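Study the sequence and the structure shown below, and then work through the exercises.

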Amino acid sequence: KCDMEEGKLVGGADLFGYKLIDRAYRIVPEQASVVVRIFEEYEGGKGGYLIAKGLNADGITTLQGKRWTSNRVLSVLGNFTYTGNLILQKTYVEDYLTKKKRKNRGERPQYLVEGTHEAIISKERFMDCQKIRGNRRAELEAVRKDYGVSGDFKGMLKCGLCGNSFLHKNGAYKEFWVCSTYSRNGRSAC
């Protein structure tokens, strides 16, 4: 049997809210309270952008000491590890010579190991948030279809200054495209 089949963590790194010690996650209390806050605010109706804005305003940084973004908040919300359980072999090395990693989409077995470490949030809260995420995604897609935002240029137009994608907007009198960094963070950001 391999370590994964026995429920042992292979590889891994520190995770916001946890420190990896002797192949096991140990809670970092001040970070764990931020994880709980993220889940509570999301359940309360805030989206990733507003949660990130609040964390940044309070001077809270990510594990790498960076500012929070919507994507970083959503990655916390989507991480099953916070329930005290692990899903092992989410990725695998396709070619040992090139060390190219791939996301496991059923090509290799995955292992669910329960109770491997102390939970920061309950499994029920995690599943509730996943349901909310699915509903919000469906609503957003419906709006995009209604307004034709998923048009031909989606993801193709890039800002010449910062390199981020352009967003399609519907103004009061016209439709236009704008840099996503400028739109979210203002003129000083891009």
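The exercises below concern a predicted model.

**Exercise 1.** Determine how many helices and strands the protein chain has, and in which pattern they follow one another.

*Solution.* Step 1: the protein chain has 5 helices and 8 strands. Step 2: read along the sequence, their pattern is β-β-α-α-α-β-β-β-β-α-β-β-α.

**Exercise 2.** Check whether the end C-alpha atoms of helix H1 are as far apart as its 15 residues should span.

*Solution.* Step 1: the expected span is 1.5 Å times one less than the number of residues. Step 2: for the 15 residues of H1 (residues 29-43), this rule gives 21 Å. Step 3: the end C-alpha atoms of H1 are 21 Å apart, so the two values agree.

**Exercise 3.** List the buried residues of H1, and state the sign of phi in glycine 45.

*Solution.* Step 1: a residue counts as buried under 20% relative accessible area. Step 2: in H1, Gln31, Ala32, Val34, Val35, Arg37, Ile38, Phe39, Glu41 and Tyr42 are buried. Step 3: an α-helix has 3.6 residues a turn, so residues three or four places apart point the same way. Step 4: glycine 45 follows H1 and has a positive phi, near 115 degrees.

**Exercise 4.** Describe how strands E4 and E5 pair.

*Solution.* Step 1: E4 (residues 91-95) and E5 (residues 100-103) pair in the antiparallel sense, over 4 bridges. Step 2: in one of these pairings, tyrosine 92 has arginine 102 of E5 as its bridge partner. Step 3: the two strands form a hairpin with 4 residues between them. Step 4: in the turn, lysine 99 has a positive phi of about 60 degrees.

Key
Residues numbered from 1 in each chain as written. Predicted model: local features only at pLDDT ≥ 70, side-chain atom pairs only at ≥ 80, totals over all residues. Heavy atoms only, no water. Pairing = 2+ DSSP bridges. Buried < 20%, exposed > 50% of the residue type's maximum accessible area, 1.4 Å probe, protein only.
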